[in-house]
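Me: I would like to learn how to read a structure feature by feature. Could you walk me through one?

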Amino acid sequence: MKLATYKDGSRDGQLVVVSSDLTQAHHASGIVTRLQQLLDDWNFLAPQLQDLARTLAQGKARHAFPFEPRMCMAPLPRAFRLVDAQPPAGDELAGDTMAGAHDALPFGTPEIDFGARLAVALGDVPRGAAEDQARDGVRLLLLGNHWQHRCQGVRVASSMAWAPVAVTPDELGRAWHRGRLALTVCVAVDGRPQAPVETAKVGTPDAGLLIAQLARHRAVSAGTLLALPGLPRTVLDSAPDVETVRIDAFDAQGQSVFGAVCQSSRRTVEPVPPGCA
């Protein structure tokens, strides 16, 4: 199934179920209102949402409505923990400032780089879990845009914006196999496409191995996000001149899996720290 979080004026938004083709949606409020609640009680709530997803796919959901990506917050607007598995692994990112797919680009320092990131949202994973057990902890997969602001080459801020929907592994079929994804990730800056990246060819590590490493010394709580390594980054020499960044991921049939991250610039540039002008 595919899940999104609609803006409703609250901090955590309203959970909706989205059709596989990203055209229809249905509020999940009759079952669960927030994604964190679902991750906390997955075994009880997820089967009920699966039933709703099937009803939606069959065209029998009475209160379905057209899916609107611009209404989406990050699927999990506030994460208790967001861990970057990109070397050096274990770096903690800000999980309290995550943006939706169509929120404005954040500009601060002149030195900015960004990159498409695939991530997994986890259920509870016990301390010392083996790779297979750790892999079973994957509840959802996400696509994001990871921005980093730098001052004289040193990172001073980092933020994430997420594609509209989070996707269960079973939704991906053969594109998800033993902790590895086989998707085509496409990035464009101001309409200029960069070379597509085939995730199956870039040597992305098994997510089960990365999760097991994360759980080696402490249990991992439901709602933890782990950003996976392996996708290239783009350096922007003059970030305020950038108008739009678009990131999308496609399956073997050429269908968008998560919907696109499509951010336009916010022309009010944030104050630049001393020494970074």
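Me: Thanks. How much space lies in the largest pocket?

Reply: About 280 Å³. Of the 15 residues that line this pocket, Glu171, Asp251, Gln253, Gln255 and Val257 are the closest to its centre. By class, the lining has 6 nonpolar, 4 polar and 5 charged residues. Please keep in mind that this is a predicted model.

Me: What does a search for cavities find in the whole structure?

Reply: A pocket is open, whereas a cavity is a space from which the probe cannot get out. Here the search gives 1 cavity of 30 Å³ or more, and the volume of the largest cavity is about 70 Å³. Its lining is made up of Leu118, Gly179, Arg180, Leu181, Thr199, Thr204, Pro205, Leu228, Pro229 and Leu231. Sorted by class, that lining comes to 6 nonpolar, 3 polar and 1 charged.

Me: Let's step back to the whole chain. How many helices and strands are there?

Reply: The protein has 4 helices and 19 strands. Of its 277 residues, 53% are buried. For contacts with a sequence separation of 6 or more, 72% are between residues 24 or more positions apart.

Me: How do I read a strand such as β13, and which strands pair with it?

Reply: The general idea is that side chains in a regular strand alternate between the two faces of the sheet. As for β13, 5 of its 6 residues are buried, and the strand is mostly covered. β13 pairs in the antiparallel sense with β15 (residues 197-198) over 2 bridges, with β18 (residues 244-250) over 6 bridges, and with β14 over 2 bridges. Valine 185 is a handy landmark: it stands opposite valine 197 in β15 and also opposite alanine 249 in β18. Towards β14, look for valine 189 opposite arginine 192.

Me: What joins β13 to β14, and what is the phi of the aspartate in the turn?

Reply: The two strands form a hairpin with 2 residues between them. In general, most residues other than glycine have a negative phi. Aspartate 190, in the turn, has a positive phi of about 50 degrees. With a relative accessible area of 26%, aspartate 190 is partly exposed, because that value lies between the 20% and 50% cut-offs.

Me: Where else can I find a positive phi in a residue that is not a glycine?

Reply: Try arginine 178, where phi is about 45 degrees. Arginine 178 sits in the loop between β11 (176-177) and β12 (180-181), and its relative accessibility of 48% makes it partly exposed. Another one is leucine 22, with a positive phi of about 65 degrees, in the turn of the hairpin that β2 and β3 form with 5 residues between them.

Me: How do β2 and β3 pair?

Reply: β2 (residues 14-18) and β3 (residues 24-27) run in the antiparallel sense, with 3 bridges. Valine 18 stands opposite alanine 25 of β3. β3 also pairs in the antiparallel sense with β4 (residues 65-66) over 2 bridges, where alanine 25 has phenylalanine 65 opposite it.

Me: Now a helix, please. Which residues of α4 are buried?

Reply: An α-helix has 3.6 residues a turn, so residues three or four places apart point the same way. In α4 (residues 207-214), 6 of the 8 residues are buried, so the helix is largely enclosed by the rest of the structure. The buried ones are Ala207, Gly208, Leu210, Ile211, Ala212 and Leu214. At the N-terminal end, aspartate 206 acts as a cap, with a side-chain oxygen 2.8 Å from the backbone nitrogen of glycine 208.

Me: One last feature: is asparagine 145 buried or exposed?

Reply: Buried, with a relative accessible area of 0%. Asparagine 145 lies in β8 (residues 138-151), and a polar contact of 2.9 Å joins its side chain to that of glutamine 263. Beyond its neighbours within four places in sequence, asparagine 145 touches residues including Leu105, Phe114, Ser159, Met160 and Val261. Glutamine 148 is also in β8 and is buried too, at 7% relative accessible area. From glutamine 148 to methionine 160, the C-alpha to C-alpha distance is 8.9 Å, with 12 residues of separation in sequence.

Conventions. Residues numbered from 1 in each chain as written. Predicted model: local features only at pLDDT ≥ 70, side-chain atom pairs only at ≥ 80, totals over all residues. Heavy atoms only, no water. 1 Å grid on protein atoms, 1.4 Å probe; cavity = no way out; pocket = protein on both sides within 12 Å on 5 of 7 lines; lining within 4 Å. Points joined across faces, edges and corners; volume = space filled by probe spheres on them. Nonpolar A, V, L, I, M, F, W, Y, C, P; charged D, E, K, R; others polar. Buried < 20%, exposed > 50% of the residue type's maximum accessible area, 1.4 Å probe, protein only. Polar contact = N/O pair within 3.5 Å; in protein donor to acceptor, adjacent residues only side chain to side chain. Contact = heavy atoms within 4.5 Å. Pairing = 2+ DSSP bridges.
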